[in-house]
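Please look through the sequence and the model shown here, taking your time over each chain before reading on. The paragraphs afterwards are meant to be read with the structure open beside them.

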Number of protein chains: 2
Amino acid sequence: MKKGEQTRAAILEQATEIATRVGLGGLSIGGLATETGLSKSGLFAHFGSKEALQVQALEAEAARFIDHVVRPALKAEPGEPRIRALFDRWLRWVNTGGKKGCLFVQSSAEFDDQPGAVRDALRVQQERWFAFLAEAGKRAATEAHFRSDLDADQFAFELHGQLLGFHHAHRMMRDPQAQARLTQAFERLLDSCRIPKEATDGAAP
Amino acid sequence: MKKGEQTRAAILEQATEIATRVGLGGLSIGGLATETGLSKSGLFAHFGSKEALQVQALEAEAARFIDHVVRPALKAEPGEPRIRALFDRWLRWVNTGGKKGCLFVQSSAEFDDQPGAVRDALRVQQERWFAFLAEAGKRAATEAHFRSDLDADQFAFELHGQLLGFHHAHRMMRDPQAQARLTQAFERLLDSCRIPKEATDGAAP
């Protein structure tokens, strides 16, 4: 990485930290200048506009999400082990190192009614995430960990809803039971995706 | 309702509309003055501060939520019918009349890391909502619609997660399948609350 890129990456890391704390809408070049001690004009030269800064902060965070959640999960065996790895990695993503929750969860609620480049970037990123979850479900069906007629998009929808429920219980409600509740919901979801009892019973000799 | 109260209620209705569109954090006395055409000094006299305006907008919205979701559901028979009424009313709450999503969902993601009166108000309001959902689950167990060993708080957690998943799919992703997916997830949750644990775990003959 060149010096300029390193500087940019370091600035974007602070930008995402600010965004996760006060909301992506609260991330501005002026505010970033105050928090980093860098000059406003220098930051303008780097990013051009508030919106471009917000989009680049999202992209930097998406790259980190891939490094911390997606790639490690792909190292697990396909099927249910990979889905469990995804789940564990996502939990670590939200919980690790004084992290203030997940920027994508927060920004989605914030920008869902604000058309523009930020919303577009968020939507594309999350379409990829949904596709990845659905693909993981499909693969679990191929591996015969899940039933063959699994609705993989429904699986992705329900798993994502549980993660949002956890994020809310953990970050907003400070519910000490949040993780235990999420785990229980997750196991129930996996159970419902496995081969139905009747089917295995029927196949038994 | 006195004239002053009517004025206040009308202003708060516009305030919640703005908050649902741009985020509660984006609701300010100055912005409200611009949108309503009322004087900033008059609005200051009404509300005193931005934070007080935000809290009062939340309280006004909570009162509407009770009128549109909670009270109608309480008219349904206790147990599963009441839970279905709650579910239907919540969906209408999010979908009706060009509504821009649910202010509580949006504001929770926005304020979960911003300590203060707004966050406190949100948390108390949503603790009541969770308690109401759990109580509805417990009552369904009493009515023998749900199994007697139901974990009502888990039921509330999972139902709420599904509503958040729907809100995200509908508002952020503009997924035309969002409501169908939510309904399927909801029916699966009800099924899991009905079927006694022994029946699903029961050893095959």
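What follows goes from a single chain to the way the chains are arranged, and then to the surface between them.

The model is a predicted one, and a good place to begin is the fold of chain A, which has 10 helices and zero strands. Read along the sequence, the pattern of chain A is therefore written α-α-α-α-α-α-α-α-α-α. Taken along the principal axes, the C-alpha atoms of chain A fill a box of roughly 75 × 35 × 30 Å.

Two helices can be looked at in detail. In helix α1 of chain A, the residues A:R21 and A:E17 are four positions apart, which means that about one helical turn separates them. These two residues form a salt bridge, in which the closest N and O atoms are 3.0 Å apart. Side chains of opposite charge can pair in this way when their charged atoms come close. In chain B, helix α7 covers residues 117-142, a run of 26 residues. From its first C-alpha to its last, helix α7 of chain B reaches 37 Å, which is close to the 38 Å expected at 1.5 Å a residue. Just after α7(B), the residue B:A144 takes a positive phi of about 65°.

How are the two chains arranged? Two copies of a chain are related by a rotation about an axis and a shift along it. Here a rotation of 180°, with 0.0 Å of shift along its axis, superposes chain A on chain B with an RMSD of 0.0 Å. The two copies are thus related as by a two-fold rotation axis. Among the residues of chain A, A:G161 comes closest to this axis, its C-alpha lying at 2.5 Å. The same surface serves both copies, since 96% of the contact residues of chain A recur in chain B.

That surface can now be described from the side of chain A. In total, 45 residues of chain A are in contact with 46 residues of chain B, and the two chains bury about 4000 Å² between them, 54% of it on carbon and sulfur atoms. In chain A, the residues that lose the most area to chain B are A:F157, A:M172 and A:R188, which together make up 19% of what that side buries.

Polar and charged groups also meet across the interface, where 21 residue pairs are in polar contact. Six helices of chain A, α1, α6, α7, α8, α9 and α10, each supply at least two residues of the side that touches chain B. Of these, α8(A) gives the most, with 15 residues. By kind, the residues on this side of chain A divide into 15 nonpolar, 14 polar and 16 charged.

Between chain A and chain B the count is eight salt bridges, while a search of the whole structure finds 30 over all chains. One salt bridge joins B:R171 to A:D113, with the closest N and O atoms 2.5 Å apart.

Key:
Residues are numbered from 1 along each chain as its sequence is written. Chains are lettered from A and ligands numbered from 1 in the order in which they are written. This is a predicted model: local features need pLDDT of at least 70, side-chain atom pairs count only at pLDDT 80 or more; totals for chains, interfaces and linings use all residues. Side-chain values use heavy atoms; hydrogens and water are left out. Contact means heavy atoms within 4.5 Å. Buried area is the accessible area (1.4 Å probe) that two parts lose on being put together, summed over both. A salt bridge is a side-chain nitrogen of Lys or Arg within 4 Å of a carboxyl oxygen of Asp or Glu. A polar contact is a pair of N or O atoms within 3.5 Å; within protein, one must be able to donate a hydrogen and the other to accept it, and residues adjacent in sequence count only if both atoms are side-chain atoms. Ala, Val, Leu, Ile, Met, Phe, Trp, Tyr, Cys and Pro count as nonpolar, Asp, Glu, Lys and Arg as charged, and the others, Gly among them, as polar. The expected span of a helix is 1.5 Å times one less than its number of residues. Copies are superposed by least squares on the C-alpha atoms of residues with pLDDT of at least 70 in both.
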